[in-house]
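These are my notes from an afternoon of looking things up in one model. I wrote them down in the order in which I checked them.

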Amino acid sequence: MKFKVNNKEVFASTGGRPFDKKKPLIIFIHGSGLSHITWVLQTRYFAFHGYSILAIDLPGHGYSEGPALESIEEQGKWISDVIDSVEMKEASLVGHSQGCLIVLECASQFPEKVKSIGLMGGAGAIPMNPELLDLAEKGDSKAVDLMMDWAHGPAGHFGGHPVPGLHHMNLGGSIVVNGSVKNALGVDFRACDNYKNGFEAAKKIKCPAINILGDRDRMCPVKAGKKLAENIENSEVEIIENCGHMILLEEAGKSLEILKKFIRKNHPV
Amino acid sequence: MDPKTYKFDTLSLHAGYMPSKNAGSRQVPIYQTTSYMFDDVDHAAALFNLERGGHIYSRISNPTVQVLEERVAALEGGTAALATASGMSAIFLTIMTLCNAGDHVVVSSQLYGGTVNLFRLTLPKFGIKATFVKPRDTEGFKKAIQENTKCIFGELVGNPGNELMNLPEISNIAHKAGIPVIIDSTYQTPYLFKPLEHGADFVVHSLTKWMAGHGSSMAGILVEGGKFDFLKTDKFPTMTEPYEGYHGLSFAEEFGPVAFTMKARAEGMRDMGPCLSPQNAWNVLQGIETLSVRMEKHCSNALKMVEYLSNHESVAWVSHASLKDNPDYELAKKLLPKGTGSMIAFGIKGGKEAGAAFIDNVKLASHLANVGDTRTLVIHPASATHSQMDEATLKLANMSHDMIRLSVGIEDIEDIINDFEDGFRAAKKPRLVSNK
């Protein structure tokens, strides 16, 4: 659906069901340069099981009006604005990668609006490789190829997508390339690299949190994910074997099962 | 700093399959099953409603077929693929997913005869009409686009005349008109040409041909490029509007770069069901493992045959884009740097009668209705593969009655040439031969 946030048009997938203010809200926040498409194997389930879903395209991504927001702090505030714009009081937030940093910021700045948080492939800080950052800021599509290489575990490189016929790395790469390498991915990478408040934000979070980590994640390794979890008071950790950074797609079924259990418990219908 | 993703030859052997997820089996297992156990009622409902991935019924998907789909998607650079029972069913499924009654398509006039008849005779029964344009007539493609046109379809190198479409330019024309381009890339395979890198939005193959190579199994596939954005136009309501068949699902909104394949599978395989058998998928996978080495030999043998035929006194003309005097030579150099393929069309002096004598007297080359086998194949299109086309359609396809279509195999080139010598000798005396 399309709606306005701060007078700019925003697109969000509602998981195939109409948005309904009477149902508990879950907001899904994608990673760097990506879009709502990455969440399709989680959102449709929740949408058809009693929740209202907003798998948002961040500003300047997918079908949302730009420009992209330049800092994680702004993006965290923007998620709070999304909740206000759809006239809801609270939401559970689920993030992937950079989306986790945004979740940390929003949940720490606006604790009254956040019911529970799910972090997939998250860390308290995501410093960027300088060469990768430079390529993305120049709009070089090689940055996408490198990101897809590093982001995927064995299943991404060989095959075995949970949805028959889909190709992990080509699909992931096409989401970024169809958007903008320079104006979305480049801005996102810079925002991640600049962000230093992750652990401080984590310490302020009191709502239930789950950290879903992939043991083959080269971008936000298990060690970094566990360190973040240790800084969140009410936090669980689930590690998925043979899984890279693209947990939400590489192990869509397992990550959905973990998320289902967690959200049903902490933000019931 | 470069990505360490696997290259073409490695993908040909490994893409789409992980032994660790299949009991350690090094070879891809053949999942000879119709259906798959659900964990519980919730799991079943989620699978049926596309809330999660997985297999339900082998008409829709199958784990062995899935390996083939991911492998071809990897080789073509596609976001997704859907295997079908044959190349023709891949084309039919693609058009039926894209078009409604009342729609129109612009089609190259040089296509496999079955494809011509699909567009000329069968699709009009469903209210989908086609305008045929000669492959070299780039401006003609532009002129043929109407308000209700939904795609441009063609073969990069047309069957059987070997004339090239200027795909990059034709793709620009299509995209300016807000429609996708579908290329049947059977002749090239991704070893020689990746249409998605040159502007095409979807690729279809008859995997029966060079991809498999062995000539044992029928198979086809649709590959999605992931770049055509259905939401940027109002031309494709079946992709963008809520679909009743899945509780109001908008395929384009939910599935973005794989929306078309998802719809082709969820709707097309569900309702029409042209599924590929796991055994045939496995057979094709065996062929794909050696695609690069076979294509290299096909192409090198083809170049030698072009040279031999071009200098032969019994040959009136040769059509192959590797020839410097061929109108497509420069375009082929640009688009097909690894080789112009192993299909050769040539005209035999003495016309139809000489052609028949030639075909009846070659022994190594097989006379049959297929191309892309490892073995050398010959046919007289006007009396076989394209025989159901009327004179006007044959003329539009630039097909003459003296044309012989040659699919060069990977036998020893000397043996192929010796065999052709026997054929040409007999063709000089057609009456004598027929009296035998």
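**Entry 1: Gly253(A) and its contacts**

I began with Gly253(A), which touches Pro162(A) and Arg52(B) once residues up to four places away in sequence are left out. I note here that the model is a predicted one.

I looked up where Gly253(A) sits and found it in helix H12 of chain A, which covers residues 252-266. Is Gly253(A) buried or exposed? I counted 15 other C-beta atoms within 10 Å of Gly253(A). A residue needs 20 or more to be buried and 12 or fewer to be exposed, so Gly253(A) is partly exposed.

I also checked Gly253(A) against Trp39(A), which is 214 residues away in sequence. Their C-alpha atoms are 12 Å apart in space.

**Entry 2: Pro162(A)**

Next I followed the contact to Pro162(A), which lies in the loop between H6 and H7 of chain A. I found 19 other C-beta atoms within 10 Å, so Pro162(A) is partly exposed.

Which residues does Pro162(A) touch, not counting those up to four places away in sequence? In chain A I listed Leu41(A), Ala252(A) and Gly253(A). In chain B I listed Gly53(B) and Gly54(B).

I took one distance as well: the C-alpha atoms of Pro162(A) and Asp217(A) are separated by 18 Å, and the two are 55 residues apart along the chain.

**Entry 3: where the chains meet**

Both residues led me to the contact between the chains. I read off 35 residues from chain A and 47 residues from chain B. On the chain A side, helices H1 (40-47), H5 (142-151), H6 (154-157), H7 (168-178) and H12 each supply at least two residues. H7(A) gives the largest share of that side, six residues. I sorted the chain A side by class and got 19 nonpolar, 12 polar and four charged residues.

**Entry 4: chain B as a whole**

I then turned to chain B, which has 18 helices and 12 strands. Its C-alpha atoms fill a box of roughly 75 × 55 × 50 Å along the principal axes. I compared its radius of gyration with the value for a compact globule: 436 residues would give near 22 Å, and chain B has 22 Å, so the two agree.

Buried residues make up 55% of chain B. Of its contacts with a separation of 6 or more, 73% join residues 24 or more positions apart.

**Entry 5: the two domains of chain B**

The domain assignment splits chain B into domain 1 (8-287) and domain 2 (292-435). I found 29 Å between their centres, taken over C-alpha atoms. How many residues of each domain are in contact with the other? I have 34 for domain 1 and 35 for domain 2.

On the domain 1 side, helices H1 (8-14), H5 (113-122) and H8 (189-192) of chain B each supply at least two residues. H5(B) supplies the largest share, four residues. By class, this side has 13 nonpolar, 15 polar and six charged residues.

**Entry 6: the largest nonpolar core**

Last, I looked up the largest nonpolar core, which holds 230 residues. Ile27(A), Leu93(A) and Ile344(B) touch the most other members. Each of the two domains of chain B gives this core at least three residues.

I listed the contacts of Ile27(A), leaving aside neighbours within four places in sequence. They are Leu54(A), Ile56(A), Ile79(A), Val82(A), Ala91(A) and Leu93(A).

Terms used
Residues numbered from 1 in each chain as written. Chains lettered and ligands numbered in written order. Predicted model: local features only at pLDDT ≥ 70, side-chain atom pairs only at ≥ 80, totals over all residues. Core = buried A, V, L, I, M, F, W, Y, C linked by C-beta atoms within 7 Å. Domains from an automatic or database assignment. Contact = placed C-beta atoms within 7 Å. Rg over C-alpha atoms; globule rule 2.2 N^0.38 Å. Nonpolar A, V, L, I, M, F, W, Y, C, P; charged D, E, K, R; others polar.
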